[in-house]
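Subject: Structure handover

Hi,

Here is the structure you asked for. My notes on it follow below.

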Amino acid sequence: MRLSLTVCGILLAIFVIFSDQAVAQRLEAAAYRSPEGIHFVSYSTLWNEQKLKELYESLLKCEHGEELSTLKQVILDPGPSEGKSGSRVGSYNADTQVIRLFEVDTTPVVRTLIHEYGHHFTYYWLQKKESASPGQLTESSAWAKVRQLGGFPIRWSGSTLPYVHKWDPGEIMAEDYVLLFGVGGNPLSSKSANIVNMLRHENEYIPSAQSLPALRQYWEQLAGLSSKEPIRLPQIKQWQAVEDKEDVTNRLVFTSAATQNYQLIQYGIQVVSYKEGQPINWTTTINTIGKELVEVNLDMNALRDTDSTASINGFIQIWALDPESNQLVFTPFYMNWFTYDPASKKLLAIPPSFSSRGLTAMLKRDGMDKWPLMNLVLNGMPLAPVKRYEDKEGNLYVPLRLFSEETVQGLTEQRSTDNDGGRRIKAHYKQRDVQLRLDEQQAAVNGITIKLNQPVRRMGAEFVVAIDDLKALFDVTARWNESGSSLLMEST
């Protein structure tokens with residue numbers, strides 16, 4: 001009995017010694033208090049007071065409103081932590097308004113801090129302006145509609161799907177904050193090549209935040225932030241072999257991300273192909289000023305074996321940074337898929353390889369029945385993806401605007417004269433003048449009346465026509481590829 005008590009006493013003494021050391025270590029933590037009163041505390045020997053101040057200054061460079069002054073504390077911990085979905089490097093407590101950062105000696109702390117601040121920002125403004133938290137949102141909420149998440153397996157309030165981090169509305173919001181308002185907080189490299197992969201969204205299957213101007217406007221209005229005109233998502237307009245080059249070079253032409261003629265945009269263009277399942281990357285950069293088309297040359301030799309004549313499949317991602325306004329935009333991975341034939345030196349757009357990359361099976365496991373976006377290819381060139389419009393019978397539709405920049409609904413003055421309730425729609429595509437009426441199954445093409453397979457419909461904010469009617473309306477043949485959720489179109 002005495003021996004047992006002695007052993008217990010020794011163990012207790014050891015526990016006290018180590019406990020005292022742990023307490024002493026925590027008491028020795030560096031600290032910094034910002035002018036707003038945010039208390040930065042470090043339990044890592046690698047993060048002293050000066051580095052904590054610099055961390056605060058990085059946060060200050062992110063766009064913010066009055067919510068900044070309500071953040072109470074940022075705690076840096078070198079140890080690991082487990083969350084709802086496993087290991088985590090950060091957390092935010094909306095009740096205490098405290099951010100905790102973990103594994104701070106080995107992880108990119110600034111990026112994690114901005115993500116967690118994104119939670120603080122979105123929780124604050126949703127609660128103040130809409131009396132809701134991200135976890136209470138449903139598909140009918142204002143944010144959900146602006147974010148265009150219909151058809152994706154989002155874990156809305158009341159969802160019976162198992163929890164997946166990237167499908168949590170709150171996590172999507174926090175990542176959106178990083179890309180919409182947090183670019184300035186991240187160190188900007190002087191090397192243009194580093195624009196590629198500079199920032200990424202955890203969930204790259206949904207429409208990119210930067211490609212939805214209404215999303216930025218939504219948060220600007222909620223938080224009272226200064227309005228910015230979002231830079232544009234670049235779209236490929238031309239790719240062709242360079243005739244005067246002996247090597248395998250292709251000229252790539254795409255639209256500028258700039259919205260003003262004086263705007264400097266830094267571009268990083270990454271071409272990705274696959275060899276035996278492994279990605280092969282090739283990157284080039286260019287800086288331009290203004291809204292004119294951007295042109296670069298691609299060295300396709302970098303993507304293949306020297307003696308290989310086999311076709312190459314891959315995709316092109318274009319990254320664009322406006323360092324003045326701290327805006328970053330990039331084409332998502334499901335855009336700009338191509339096949340390259342070394343013999344003809346031609347690039348042709350193809351459906352994305354969802355199945356071969358295992359994405360289809362993965363998304364089904366997450367709860368998605370089918371890809372809710374439609375990838376578009378016209379005459380071998382990629383177009384920007386659109387929402388997948390489908391009726392109850394399974395008929396697919398495409399926006400009428402794709403076939404005419406002049407598509408208009410009947411003017412107000414015409415509505416009263418024609419007594420048609422503004423249901424007339426006009427379109428002009430190449431040599432075809434097309435007149436349609438909403439919800440009716442006939443149209444006039446160059447004055448000749450034709451019958452449509454499906455009536456012209458309005459779905460969401462779009463006027464849409466069935467893909468089976470594209471030939472009769474615009475002389476466009478269309479072939480649907482379900483595995484790549486792509487519509488392949490040819491126009492004469």
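Which residues lie nearest the centre of the largest pocket? They are Gln235, Ala384, Pro385, Val386 and Arg401. Keep in mind throughout that this is a predicted model.

**The largest pocket**

The volume is about 1500 Å³. In total, 49 residues line this pocket. Several elements give two or more residues to the lining: α4 (142–147), α6 (213–223), β17 (373–378), β18 (381–387) and β22 (424–429). Strand β18 gives the most, with five residues. By class, the lining holds 27 nonpolar, 13 polar and nine charged residues.

**The second largest pocket**

This one has about 800 Å³ of space. Its lining consists of 29 residues. Nearest the centre are His115, His119, Tyr163, His165 and Glu171. Two or more lining residues come from each of β6 (90–93), α3 (109–130) and α5 (169–181). Helix α3 has the largest share, at six residues. The classes here are eight nonpolar, twelve polar and nine charged.

**Helix α6**

Helix α6 is among the elements that line the largest pocket. Its buried residues are Leu215, Arg216, Tyr218, Trp219, Glu220, Leu222 and Ala223. Note that Arg216 and Glu220 are on that list. The cover over these buried residues includes α3, α4 and α5. Of those, α4 also gives residues to the lining of the largest pocket, while α3 and α5 give residues to the lining of the second largest. Just after α6 comes Gly224, with a positive phi of about 70 degrees.

**Around Ile450**

Ile450 sits in strand β25 (residues 448–451). Which residues does Ile450 contact, leaving aside its neighbours within four places in sequence? The contacts are Gln441, Gln442, Ala443, Val445, Ala472 and Leu473. Take Ala472: 22 residues separate it from Ile450 in sequence, and the C-alpha to C-alpha distance is 7.8 Å.

**The protein as a whole**

The protein has 492 residues, and 50% of them are buried. It contains nine helices and 29 strands. Take the contacts between residues at least 6 apart in sequence: 59% of them join residues at least 24 apart. The exposed area is about 24200 Å². Carbon and sulfur atoms supply 49% of that area.

**Confidence**

Please read this part before setting anything up. The average pLDDT is 87, and 88% of the residues score at least 70. Which elements have the lowest and the highest mean pLDDT? Helix α8 (residues 412–418) has the lowest, at 33. Strand β7 (residues 98–101) has the highest, at 98.

Two stretches call for a separate word. Over residues 1–25, pLDDT stays under 50. The model gives residues 1–25 zero contacts beyond four places in sequence. Over residues 406–419, the pLDDT is also below 50. That stretch, however, has 27 contacts in the model beyond near neighbours in sequence.

**In brief**

There are two pockets to look at, of about 1500 Å³ and about 800 Å³. Strand β18 gives the most to the lining of the largest, and helix α3 to that of the second largest. The pLDDT is under 50 over residues 1–25 and below 50 over residues 406–419.

Over to you.

Best wishes

Definitions and conventions. Residues numbered from 1 in each chain as written. Predicted model: local features only at pLDDT ≥ 70, side-chain atom pairs only at ≥ 80, totals over all residues. Heavy atoms only, no water. Helix = DSSP H or I, 4+ residues; strand = E, 2+ residues; numbered from the N terminus. Buried < 20%, exposed > 50% of the residue type's maximum accessible area, 1.4 Å probe, protein only. Contact = heavy atoms within 4.5 Å. Areas by Shrake-Rupley, 256 points an atom, 1.4 Å probe, with all protein chains shown as cover. pLDDT = per-residue confidence, 0-100. 1 Å grid on protein atoms, 1.4 Å probe; cavity = no way out; pocket = protein on both sides within 12 Å on 5 of 7 lines; lining within 4 Å. Points joined across faces, edges and corners; volume = space filled by probe spheres on them. Nonpolar A, V, L, I, M, F, W, Y, C, P; charged D, E, K, R; others polar.
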